[in-house]
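Here are some notes for a colleague who is looking at this structure for the first time. They take the pocket first, then the cavities, the sheets and the helices.

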Amino acid sequence: MKSFNHFNAKSVREAITLLKNHKGRAMVIAGGTDLIGILKDRILPSYPEAIINIKTIPGLDVIEESAAGLKVGALAKLADIARSQKVKKNFGVLAEAAKSVGTPHLRNMATIGGNLCQDVRCWYYRYPHHMGGRVICRRKGKGTCYAIKGDNRYNAILGAKSCFAVCPSDTAIALSALEAKIKIAGGDGTRFISISDFFTPLGNSLNRDELVTEVRIPNPPQGCRQRFLKFTLREPIDFAIVSVASVINIEDGVCGDVRIVLGGVAPMPLRAKGAEHVIKGKPLNSETAEDAARAAVSNAKPLSRNAYKIEITKVMVKRAILSEGRR
Ligand SMILES: Cc1cc2nc3c(=O)[nH]c(=O)nc-3n(C[C@H](O)[C@H](O)[C@H](O)COP(=O)(O)OP(=O)(O)OC[C@H]3O[C@@H](n4cnc5c(N)ncnc54)[C@H](O)[C@@H]3O)c2cc1C
């Protein structure tokens, strides 16, 4: 690992000032479970000259209820989110997603801010520099996406244009189904942004002097069905091949508000709007679930080695929406 300067920020303001002063040559560290690997393998074309530790900022690890919903600080650990009664009570899909991440050790270190901001796991993008040189690909600003013609079995089948790496964050999929907003602090003040606007085809929309400070989740309809399901190759320590988060409100026996979000299949959390449309106003049964599953993948454009994800997605969508889930 190359050397860098290390700063313990005492406040959000100090972290922003440090980011600003380093003009794009500094990175934030929270749990470090993603960043340390990136630095060790030197996968990025430029190496940060400073690392700004935000774990030293007090009060950023809260999990708090309010009349409007739930506030989760960027430093809240995934383990705490997974076992929090406040989360489990009304935001079960998020508790399930947090619990599905990695191992207990990892969840005890990883923060929700870091989980949302983590880098992709595409093996071309992540190729270690010490094994013959890092791969400079479309996501790193130059050239092509090597997955298009290469070994693309874990890459996107939906919604990708220039980079086919999939969004690695499980909590992003659940938060998207809950219509959460991310609070961002930076040199120009604070702003709130939806999950769909936070993720971009090649990363996220943070400016170089900004950091995530909080996630705000509005209260979902009382008693709505919530589910997060994930298909992995190596149970239980693995990234999603496919995941599905669903939040469905049943009113008078038919689906009212419906949100179905797919993970592991697209560069960003992907709202399956076709599937939502199919079941809205209808009762949930195996027939409507089958129709929704088909609609969820109707726009799929698999690469040479990942068409298998289509069938898995259909099964996962069907299972998620038919499952009673957490209420
Ligand atoms: C073995 C293994 C298995 C894993 N399995 C899964 C899985 O199943 N599902 C899943 O979702 N993830 C998985 N992960 C990824 C893991 O969840 C992430 O590494 C973790 O959530 C990152 O959180 P962190 O606090 O450690 O972030 P860090 O490693 O500290 O940071 C990650 C990135 O986010 C940036 N960052 C961190 N916090 C902020 C902030 N508040 N504002 C702005 N930028 C910030 C950092 O600069 C860095 O770029 C796995 C990782 C490993 C090593």
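1. A pocket is here an open set of grid points with protein on both sides within 12 Å along at least five of seven lines. The model is a predicted one. Its second largest pocket holds about 430 Å³ of space. The lining of this pocket comprises 23 residues, and those nearest its centre are R121, Y154, D238, F239 and A240. By class, the lining of the second largest pocket has 13 nonpolar, five polar and five charged residues.

2. How many cavities of 30 Å³ or more does a search of the whole structure find? There are two. A cavity, unlike the pocket above, is a set of points where a 1.4 Å probe fits but cannot get out.

3. The largest cavity has a volume of about 50 Å³. Its lining includes four cysteines, C122, C137, C145 and C163. Three tyrosines, Y124, Y125 and Y146, also line the largest cavity, and R139, N155, F164 and A165 complete the list. Nine of these lining residues are nonpolar, one is polar and one is charged.

4. The second largest cavity has a volume of about 40 Å³. Its lining is made up of I38, L39, R42, I43, L44, S46, Y47 and P48. Sorted by class, the lining of the second largest cavity gives six nonpolar residues, one polar and one charged.

5. One open sheet has five strands, in the order β4-β5-β10-β6-β7, with antiparallel pairing. The edges are taken by β4 (63-65) and β7 (189-194); each has a single partner strand, so one side of each is left without a neighbour in the sheet. On average, neighbouring strands of this sheet are turned by 20° against each other, direction ignored.

6. Two pairings in the five-stranded sheet can be followed residue by residue. At one edge, β4 and strand β5 (residues 69-73) run antiparallel and are joined by three bridges; here I63 stands opposite V72 in β5. At the other edge, strand β6 (residues 181-186) pairs with β7 in the antiparallel sense over six bridges. In that pair K181 stands opposite S194 in β7, and a hairpin of two residues joins β6 to β7.

7. Another open sheet has four strands, in the order β11-β12-β13-β14, again with antiparallel pairing. Its edge strands are β11 (225-231) and β14 (270-271), each of which pairs on one side only. Strand β12 (residues 242-251) and strand β13 (residues 254-263) pair in the antiparallel sense over eight bridges. Within this sheet, I250 stands opposite C255 in β13.

8. Which helix lies across β11, β12 and β13? The helix is α12 (residues 308-322), and it runs at about 30° to β12.

9. Two packed helices are described by the angle between their axes and the distance between the axes. Helix α5 (residues 92-99) packs with helix α8 (residues 170-177) at an angle of about 175°, and their axes are 8 Å apart. Because angles over 145 degrees count as roughly antiparallel, α5 is roughly antiparallel to α8.

10. Which residues of α5 and α8 meet? On the α5 side they are V93, L94, A97 and A98, and on the α8 side D170, T171, A174 and L175. The contact of α5 with α8 draws on six nonpolar residues, one polar and one charged.

Definitions and conventions
Residues are numbered from 1 along each chain as its sequence is written. This is a predicted model: local features need pLDDT of at least 70, side-chain atom pairs count only at pLDDT 80 or more; totals for chains, interfaces and linings use all residues. Side-chain values use heavy atoms; hydrogens and water are left out. On a 1 Å grid over the protein atoms alone, a cavity is a set of points where a 1.4 Å probe fits but cannot get out, and a pocket is an open set with protein on both sides within 12 Å along at least five of seven lines; lining residues have an atom within 4 Å of a point. Grid points are joined across faces, edges and corners, and a volume is the space filled by probe spheres set on the points. Ala, Val, Leu, Ile, Met, Phe, Trp, Tyr, Cys and Pro count as nonpolar, Asp, Glu, Lys and Arg as charged, and the others, Gly among them, as polar. Axes are lines fitted to C-alpha atoms, for helices over the stretch in contact, and angles run from 0 to 180 degrees between N-to-C directions. Angles under 35 degrees count as roughly parallel, over 145 as roughly antiparallel, 65 to 115 as roughly perpendicular and the rest as oblique. Contact means heavy atoms within 4.5 Å. Two strands pair if DSSP finds at least two bridges between them.
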